[in-house]
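Let's take a walk through a protein model together. Have a look at the sequence and the 3D view first, then read on.

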Amino acid sequence: MKESNSRKQGAASPCAACKLLRRRCAEDCVFAPYFPADEPHKFASVHKVFGASNVNKMLQELPEHQRGDAVSSMVYEANARVRDPVYGCVGAISSLQQQIDALQTQLALAQAEVVHMRMRQYSSNSSSPDHASPSTRGRKSHNPKSSFNMEMANMDDSFWP
């Protein structure tokens, strides 16, 4: 509240945008609510990538309740463009997608290996001498088989392309 009162009197420091552009920060400055004086780096990167005039136009075309989100998006994209001038945030998204694909492949291989090991364990258990007697065959072969089928039914199909 004090800031708006001192702003009306002209005693407040200009917002980061007006400070960078070396102009007087007007009472109705469209940049002031989104680029405070204590965060000059936000406007500097946005200005470098989009230009002050374009940012001003974009903000004025949006309803006030959407401007904060738009500024956050511009700051994120501007920082990504500074780091990677060609691809920006699309490059970061692409890199993360490649990591997801690689991890999904590793997960599928690990799950296939687990199934293979359980199949091998099941086949070695069913050929053991304990299963030769009719009384133990029904008990011992039923538990591994039912547990294997239960685990197969619970496997998530999302790792298959």
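What follows is a short tour, from the overall fold to the inside and then out to the surface.

**The big picture**

Keep in mind that this is a predicted model. How many helices and strands make up the secondary structure? There are seven helices and zero strands. Reading along the sequence, you get the pattern α-α-α-α-α-α-α.

The protein has 161 residues, and 22% of them count as buried. Now think about contacts between residues at least 6 apart in sequence: 42% of these join residues at least 24 apart. As for the outside, the protein exposes about 11,800 Å², and carbon and sulfur atoms supply 55% of that area.

**Inside: the nonpolar core**

The largest nonpolar core is built from 21 residues. Inside it, Cys15, Phe31, Phe35 and Leu59 are the residues with the most contacts. Which elements give two or more residues to this core? They are helix 2 (16-21), helix 3 (40-50), helix 4 (52-61) and helix 5 (64-83). Helix 5 gives the most, with five residues.

Phe35 is a nice residue to click on. Leaving out residues up to four places away in sequence, Phe35 touches Cys15, Ala16, Ala17, Lys42, Phe43, Val46, Val55, Val71 and Val75. Phe35 also belongs to an aromatic cluster, which it forms with Phe31 and Phe43. In the whole structure there are three aromatic pairs.

**Charged partners**

A search of the whole structure turns up two salt bridges. Here they are side by side:

| Salt bridge | N to O distance |
|---|---|
| Lys42 and Glu39 | 3.4 Å |
| Arg81 and Glu77 | 2.8 Å |

You have met Lys42 already, as one of the residues that Phe35 touches. Its salt-bridge partner, Glu39, has a relative accessible area of 27%, so Glu39 counts as partly exposed.

The other pair sits within one element: Arg81 and Glu77 both lie in helix 5. These two residues are four residues apart, which is about one turn of the helix. Are the two partners buried or exposed? Arg81 is partly exposed, because its relative accessibility is 28%. Glu77 has a relative accessible area of 17%, and buried means under 20%, so Glu77 is buried.

**A residue with an unusual sign**

Next, find the loop between helix 2 and helix 3, where Arg22 lies. What is the phi of Arg22? Phi is near 55 degrees there, a positive value in a residue other than glycine. To see why that catches the eye, remember that most residues other than glycine have a negative phi. Arg22 has a relative accessible area of 79%, so this residue counts as exposed.

**Out on the surface**

Nonpolar side chains can be found on the outside of this model too. Which residues make the nonpolar surface patch of about 330 Å²? Val86, Tyr87 and Val90 do. Val90 lies in helix 6, which covers residues 89-126. With a relative accessible area of 52%, Val90 is exposed, because the cut-off for that word is over 50%.

**To wrap up**

So what should stay with you? The fold comes to seven helices, and the largest nonpolar core holds 21 residues. Two salt bridges were found in the whole structure, and Val86, Tyr87 and Val90 form a nonpolar patch on the surface.

Notes:
Residues numbered from 1 in each chain as written. Predicted model: local features only at pLDDT ≥ 70, side-chain atom pairs only at ≥ 80, totals over all residues. Heavy atoms only, no water. Core = buried A, V, L, I, M, F, W, Y, C linked by side-chain atoms within 4.5 Å. Buried < 20%, exposed > 50% of the residue type's maximum accessible area, 1.4 Å probe, protein only. Contact = heavy atoms within 4.5 Å. Patch = residues over 30% accessible without salt bridge, like charges linked within 9 Å, V, L, I, M, F, W, Y side chains within 5 Å. Areas by Shrake-Rupley, 256 points an atom, 1.4 Å probe, with all protein chains shown as cover. Salt bridge = Lys/Arg side-chain N within 4 Å of Asp/Glu carboxyl O. Phe/Tyr/Trp six-rings, centres within 6.5 Å; stacked < 30°, edge-to-face > 60°.
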